[in-house]
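I opened my notebook for this one and jotted down what I looked up, entry by entry. Here are the pages, in the order I wrote them.

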Amino acid sequence: MTQFIDRRLNPKGRSLGNRSRFIRRARAAIKKAVDDSVRSRNIVDVDQGEHVAIPASDIHEPSFHNADQGGHRDHVLPGNKTYRAGDRIDKPPQGGGAGGREGAPDGEAEDEFLFALSRDEFLDLFFEDLALPDLVKRSLKSTDIMRPRRAGLSVTGAPANLSVMRTMRNAIGRRVGLRRPANREVEDLRGHIASLEAAPHKDTHDSDELAKLRARLDHLVARQKRVPFLDPVDVRYRHFEMKPEPTANAVMFCLMDVSASMGQREKDLAKRFFVLLHLFLKRRYEKVDLVFIRHTHQASEVDEQTFFYSTESGGTVVSSALVEMQRVISERYPAGDWNIYAAQASDGENYSGDSAHCAELLNGEIMNLCQYFAYVEIIGEAEAKILTNPASGTELWRAYLGVSGKWPNFALKRIAHRSEIYPVFRELFSTAPETSDA
Amino acid sequence: MPDGSRDGTLLFDRNDWTFDSMHRTFDAIIDIAEKDLGLNLYPNQIEIISSEQMLDTYSSVGMPLMYRHWSFGKHFIQHEHQYRKGMRGLAYEIVINSNPCVSYCLEDNSMALQALVMAHAACGHNHFFKNNHLFHQWTDADGILDYLDYARGFIQKCEEQHGTAAVEKLLDAAHALMSVSVFRHRRPPMLTERAERERERRRNEEAEHSVHYIWSAHEAADRPGGTEQAVQERKSRMRLPEENLLYFIESYAPKLQPWERQILRIVRNIGQYFYPQRQTKVMNEGCACFVHYHILSRLHQTGRIGDGAMLEILHNHTSVLFQPGFDDPRYSGMNPYTIGYAMMTDIQRICTDPTEEDRAWFPDIAGCKDWRNVLKDAWSGYRDESFIQQFLSPKVMRDLRLFSLSETGNEAFYRVSAIHDEAGYREVRDALASANNPSLSDPDIQVVDVDLLHDRVLHLQHRPTSGVPLAEDDVRRTLDHCRRLWGYDVSLTEG
């Protein structure tokens with residue numbers, strides 16, 4: 001008897017359990033590979049998962065087996081052309097040679113184990129040491145929205161919330177418990193009486209019977225009245241309590257200075273920072289909107305392509321971007337419904353006197369609306385060696401330093417090299433509790 | 001059932017397979033397998049799977065269900081990587097030695113390929129599994145799927161109770177010793193799920209008995225320890241030397257918990273289950289190839305498979321059997337399919353059309369005409385090593401131009417010890433036979449002594465075959481695993 005079974009529709013990913021065990025096992029090595037690739041590769045590609053190579057020795061499965069060399073060995077090979085018994089063949093310079101061991105066919109190093117991580121796996125490792133749970137608690141504090149949540153039953157309430165099911169269930173229990181005569185029983189009795197009354201011949205026995213039945217009917221009807229079908233004690237209402245609910249939507253504002261002083265290198269660094277923040281938010285919120293605001297001496301909202309790749313010339317007025325951001329928030333993203341994050345990148349240059357205005361705008365309204373505002377100043381690598389004191393810097397930096405003193409959810413950092421972005425990002429978020437505790 | 005009147009009608013004329021055409025073709029295949037070749041088969045269960053499921057099955061050593069362990073995840077990733085890069089194709093099928101015999105066919109196969117696969121796996125391998133004495137005596141086709149199910153459930157339960165990390169460590173160590181934990185000489189008991197549960201129950205009940213020797217230590221202390229006689233007595237009590245390391249550790253390790261012993265048992269049982277397969281690679285594949293070729297060419301002769309489909313089948317047939325020469329860049333060792341198939345067609349030729357040479361070499365079968373029974377005897381009564389010893393003919397050696405090389409120590413050259421000529425046939429045959437004998441290529445490591453009442457050091461002895469040493473780096477790491485299981489020191493000596 002032969003059976004054909006179509007297994008193609010069976011659930012996929014049967015070996016996922018093994019895979020996650022493997023990743024856990026090789027965690028240290030994979031983590032290192034992930035960190036390396038974040039440092040050296042384009043962060044934009046992070047979304048697509050990542051090919052990583054880890055040292056094969058870390059996941060080697062040892063066993064007792066014979067060595068490749070030594071001792072007396074016989075080999076049988078096919079395809080003899082010219083040899084005769086007793087001939088000598090020189091061994092190839094390396095490896096087992098004619099013994100049948102094959103080198104790596106495509107030049108891939110044999111001591112490396114290559115594989116692709118899925119997006120989720122990669123991000124898990126990527127964010128692993130960001131201590132996410134605390135971060136989530138900390139930044140999910142916008143609990144402005146109250147929504148009714150079911151909270152059991154109550155004996156009072158609006159008629160619209162009447163729970164018919166519960167009410168009727170209580171009523172049935174009560175009626176059974178108090179032995180309320182059923183309607184059908186009463187009807188049957190009435191019918192019986194009527195048929196007796198309609199009978200043409202009546203003797204004393206019949207009239208006795210009739211009287212007894214009438215008395216019983218009266219008793220039943222009275223009992224039905226005493227034990228009502230539905231009593232106020234049966235009634236139940238669905239009860240709701242108002243509970244705060246965190247908003248599941250976030251909007252991220254990317255503010256960037258695109259004046260001539262921001263070269264490709266600066267933009268590139270800024271972009272990495274934005275991408276990182278975006279990735280981070282994407283994991284935490286169902287929906288993340290991105291708003292790109294670029295500015296020179298005037299600001300405008302643009303799409304991503306324009307934001308990163310088109311150039312514009314002009315002066316630098318940072319406050320224009322903040323004003324634009326305020327406008328977009330008031331038009332489209334009411335703070336009650338949205339978690340607002342902002343990331344600003346600039347080289348620190350600003351129109352003289354405007355920095356104070358920026359601080360004013362931030363202190364006045366924007367910081368009240370924002371969950372988090374991160375400012376990164378992109379400086380040259382040479383400058384990085386000089387600017388070691390956080391208190392000194394450009395006018396904008398000093399103004400922002402003042403803002404960060406007042407608001408724990410405002411952070412600022414200097415970046416000089418792309419390998420610093422990830423650590424800086426981490427620092428931005430992990431410094432928040434310290435300042436808020438302080 | 002197809003009969004004479006239906007001969008000549010094509011079984012399928014399209015490239016895509018349907019369940020209908022699979023059924024029809026399989027009926028025709030089985031008809032030839034049973035009536036013409038007289039094969040004795042397990043009931044078949046043919047399952048269509050996707051390529052991802054094929055990779056899944058690959059990575060769990062070809063079994064449909066397996067307990068969870070990171071190494072299977074690693075193998076999956078390796079296979080997947082190679083597959084995606086096109087470094088290797090997927091097998092068209094995987095077949096499992098079970099009753100009913102489960103064959104997995106890849107959904108991407110064309111209908112012609114499905115016919116090939118069904119004849120190959122569901123008839124060829126199936127017959128071999130059911131009739132070869134090694135499988136028959138050493139594995140239990142009826143119980144294996146239940147046993148694996150039990151094993152998977154048991155290990156999952158252990159993970160829940162004792163933590164994944166503890167189970168993983170134990171499995172790592174057990175896997176390291178798997179290759180030296182096979183009964184090569186005495187036959188292991190059959191695996192059944194029920195017996196296994198029963199054993200587990202008894203084992204838990206008698207947990208305290210696992211340290212019974214501590215209780216008898218008082219008496220033993222009086223006896224003179226260390227004398228030759230006492231050592232002999234101790235060894236014979238523990239049935240030393242013991243070739244199956246995990247079996248010995250499972251039985252005598254002082255510190256293991258009952259569940260740990262049970263897991264060791266599962267690992268070595270699964271290793272044992274695969275041991276016959278390692279001893280019959282050449283024969284198993286040869287048998288399957290011979291059977292599929294015979295069946296499909298018979299179907300083609302009777303006009304039931306079209307010429308185009310047959311060409312596709314032959315193309316696949318020959319690429320499976322391709323054996324590049326030793327100096328070809330594609331060479332990666334002897335292809336067991338080639339040698340097995342070549343020997344079996346050669347047996348057929350010897351039976352029907354022998355030469356003088358064949359009559360001298362194979363007086364029993366040359367010209368006997370009854371090649372079907374000769375082959376069936378060979379399939380049932382031999383393993384690779386003995387099969388090659390018995391049946392490798394000079395013609396096959398000449399056709400494949402086999403020659404043998406020997407090397408000694410660290411000499412800078414190989415010596416050609418024999419080639420395919422009158423003087424060398426026997427030597428080449430012997431060399432090929434030993435090359436296909438896993439008990440020669442696996443290191444011989446045995447437990448020789450342990451004194452449970454004193455230092456409890458587990459003494460292992462490695463007896464090198466022809467002076468071949470062990471791979472040193474792995475020895476160190478494997479011994480670490482061994483110590484972890486044994487709980488005390490382990491020493492390895494060369495014997």
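**Entry 1: strands across the chains.** I looked up I89(A) and found that its bridge partner in β5(B) is Y414(B). The model is a predicted one, so I keep that in mind for every entry, given that local features here need pLDDT of at least 70. Stepping back from that pair, I see β4(A) and strand β5 of chain B, residues 413-418, running antiparallel and joined by three bridges.

**Entry 2: the interface as a whole.** I next asked how many residues of each chain are in contact: 64 of chain A and 98 of chain B. Together the two chains bury about 7400 Å², with 54% of that on carbon and sulfur atoms. I also noted 40 residue pairs in polar contact between chain A and chain B, both residues at pLDDT 80 or more. On the side of chain A that touches chain B, the elements giving two or more residues are β1 (2-6), α1 (16-25), β3 (72-77), β4 (88-90) and β5 (112-117). Of these, α1(A) gives the most, with seven residues. Sorting that side by class, I wrote down 19 nonpolar, 24 polar and 21 charged residues.

**Entry 3: salt bridges between the chains.** Eight salt bridges run between chain A and chain B. The one I looked up is E47(B) with R7(A), whose closest N and O atoms are 2.5 Å apart. This pair crosses from strand β1 of chain B, residues 44-49, to the loop between β1 and α1 of chain A. Which partner is buried, and which partly exposed? E47(B) is buried at 2% relative accessibility, while R7(A) is partly exposed at 26%.

**Entry 4: salt bridges within chain B.** Over all chains I have 39 salt bridges on my page. In chain B, E233(B) pairs with R237(B), the closest N and O atoms being 4.0 Å apart. Both sit in helix α11, residues 228-237, four residues apart, or about one turn of the helix. E233(B) is partly exposed at 37%, and R237(B) is exposed at 54%. I also found R330(B) and D328(B) meeting in a salt bridge at 2.9 Å, N to O, with R330(B) exposed at 54%. My last find of this kind was a network of salt bridges linking R184(B), E243(B), R278(B) and D442(B).

**Entry 5: a look at N316(B).** I found N316(B) in helix α15 of chain B, residues 307-321. N316(B) counts as buried because its relative accessible area is 7%, under the 20% cut-off. Beyond its neighbours within four places in sequence, N316(B) is in contact with Y92(B), L113(B) and L116(B).

How values were computed. Residues are numbered from 1 along each chain as its sequence is written. Chains are lettered from A and ligands numbered from 1 in the order in which they are written. This is a predicted model: local features need pLDDT of at least 70, side-chain atom pairs count only at pLDDT 80 or more; totals for chains, interfaces and linings use all residues. Side-chain values use heavy atoms; hydrogens and water are left out. Buried means under 20% relative accessible area, exposed over 50%, partly exposed in between (1.4 Å probe, protein chains only). Contact means heavy atoms within 4.5 Å. Buried area is the accessible area (1.4 Å probe) that two parts lose on being put together, summed over both. A salt bridge is a side-chain nitrogen of Lys or Arg within 4 Å of a carboxyl oxygen of Asp or Glu. A polar contact is a pair of N or O atoms within 3.5 Å; within protein, one must be able to donate a hydrogen and the other to accept it, and residues adjacent in sequence count only if both atoms are side-chain atoms. Ala, Val, Leu, Ile, Met, Phe, Trp, Tyr, Cys and Pro count as nonpolar, Asp, Glu, Lys and Arg as charged, and the others, Gly among them, as polar. Two strands pair if DSSP finds at least two bridges between them.
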